[in-house]
Amino acid sequence: MSRQFFVGGNFKMNPCSQAEKIALVKILNEADLDPSTEVILAPPSLYLIPLLETVKKGIKVSAQNCFNKNSGAYTGEISPTQLANAGIPFVILGHSERRTLFHETSELVAEKTRAALDASLSVILCVGETLQERESGQTTAVVESQLKAVVDLLKENDWSKVVIAYEPVWAIGTGKVATPAQAQETQAEIRSYLSKAVSPSVAANTRIIYGGSVNAKNCRELATLPDVDGFLVGGASLKPEFVDIVNSRR
Ligand code: PEP
């Protein structure tokens, strides 16, 4: 089964100005992007609709988060239905910055995933271990427990709208990328967990992408790995080298 290569750009809380945003969109709109790669850009909420209106056809837009309820007294939150009604097809959930800085539990991430799928959004579901967890041999257990919370709330056919982003916390924004062996080993374990916990067909069809200090230099080797179906890119998604990452399988 061939899984379409997927590259997401997570702008986080950047850029700060409209001028920077326009420069970034201009670079992407003018770039020769591999048409066989699915490209998703996740700007801050304020820029979702302007980006949707200016980015070239073929590039999709994603929110960086949403709530687990559709409406009500939840000041500051954005609901999955609001995103879907605004024409936003994707949402990133469970990013390590949400889990760590905003204390999101795996159960909350699972509820958000359920709510997003119910609103017909596709989900980029982030999982990953801390350095301490890796060094104490807990990587598999941590990642599986983050996934289990979601597995428990999803039906088999929901998985066609989920992309799993394996993002070791120690690699995010640190310049310390996982080695190809580390990325391949953990992503193969995730696929094998999906096979046991959901089904062999979901395991074979679900895209598992890698995130954590991916750049133009390290993307090509990672892109050759059998269980790396693309990337979630933070820092480098704000730079022209994002184009090289999108084209890393070319
Ligand atoms: C991310 O924010 O998902 C990420 C992977 O960041 P960076 O590429 O900067 O490590």
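Two strands count as paired if DSSP finds at least two bridges between them. Keep that in hand for the exercises, and remember that this is a predicted model.

**Exercise 1. Work out how strand 7 sits between its partners in the sheet.**

Step 1: Start with the whole sheet. Eight strands form a closed barrel in the order 1-2-3-4-5-6-7-8, with parallel pairing. On average, neighbouring strands here are turned by 25° against each other, ignoring direction.

Step 2: Look at the strand 6 side. Strand 6 (residues 162-166) and strand 7 (residues 207-211) run parallel and are joined by four bridges. Zooming in, Val163 has Arg207 of strand 7 as its bridge partner, and Ile164 is bridged to Ile208 of strand 7.

Step 3: Now the strand 8 side. Two bridges pair strand 7 with strand 8 (residues 230-233), again in the parallel sense. Here Gly211 has Leu232 of strand 8 as its bridge partner.

Step 4: Check the cover. Four of the five residues of strand 7 are buried, so the strand counts as mostly covered.

**Exercise 2. Does helix 1 put its buried residues on one side or spread them around, and what do they pack against?**

Step 1: Check the geometry. Helix 1 (residues 18-30) has 13 residues, which should span 18 Å at 1.5 Å a residue; the end C-alpha atoms are 18 Å apart, so that agrees.

Step 2: List the buried residues: Lys21, Leu24, Val25 and Leu28. Their arc around the axis is only 95°, so they lie on the same side of helix 1.

Step 3: Flip to the face turned away from that buried side, and you meet the exposed residues Ala19, Lys26 and Glu30.

Step 4: Find the packing partners. The buried residues of helix 1 pack against helix 2 (48-54) and strand 3 (59-63).

**Exercise 3. Which residues of helix 7 are buried, and what do they pack against?**

Step 1: The same kind of length check works for helix 7 (residues 139-151): its 13 residues should span 18 Å, and the end C-alpha atoms are 18 Å apart.

Step 2: The buried residues are Thr139, Val143, Gln146, Leu147 and Val150. They pack against helix 5 (106-118), strand 5 (122-127), helix 6 (131-135) and helix 8.

**Exercise 4. Which residues have the most contacts inside the largest nonpolar core?**

Step 1: That core has 69 residues, and the answer is Val91 and Leu125.

Step 2: Follow Leu125. Beyond its neighbours within four places in sequence, its contacts are Leu93, Gly94, Thr113, Val150, Val162, Ile164 and Ala165.

Methods: Residues are numbered from 1 along each chain as its sequence is written. This is a predicted model: local features need pLDDT of at least 70, side-chain atom pairs count only at pLDDT 80 or more; totals for chains, interfaces and linings use all residues. A nonpolar core is a set of buried Ala, Val, Leu, Ile, Met, Phe, Trp, Tyr and Cys residues joined through C-beta atoms within 7 Å. A residue is buried if 20 or more other C-beta atoms lie within 10 Å of its own, exposed if 12 or fewer, and partly exposed in between; C-beta atoms are placed from the backbone. Two residues are in contact if their C-beta atoms, placed from the backbone, lie within 7 Å. Axes are lines fitted to C-alpha atoms, for helices over the stretch in contact, and angles run from 0 to 180 degrees between N-to-C directions. The expected span of a helix is 1.5 Å times one less than its number of residues. The arc is that of the directions from the helix axis to the C-beta atoms.
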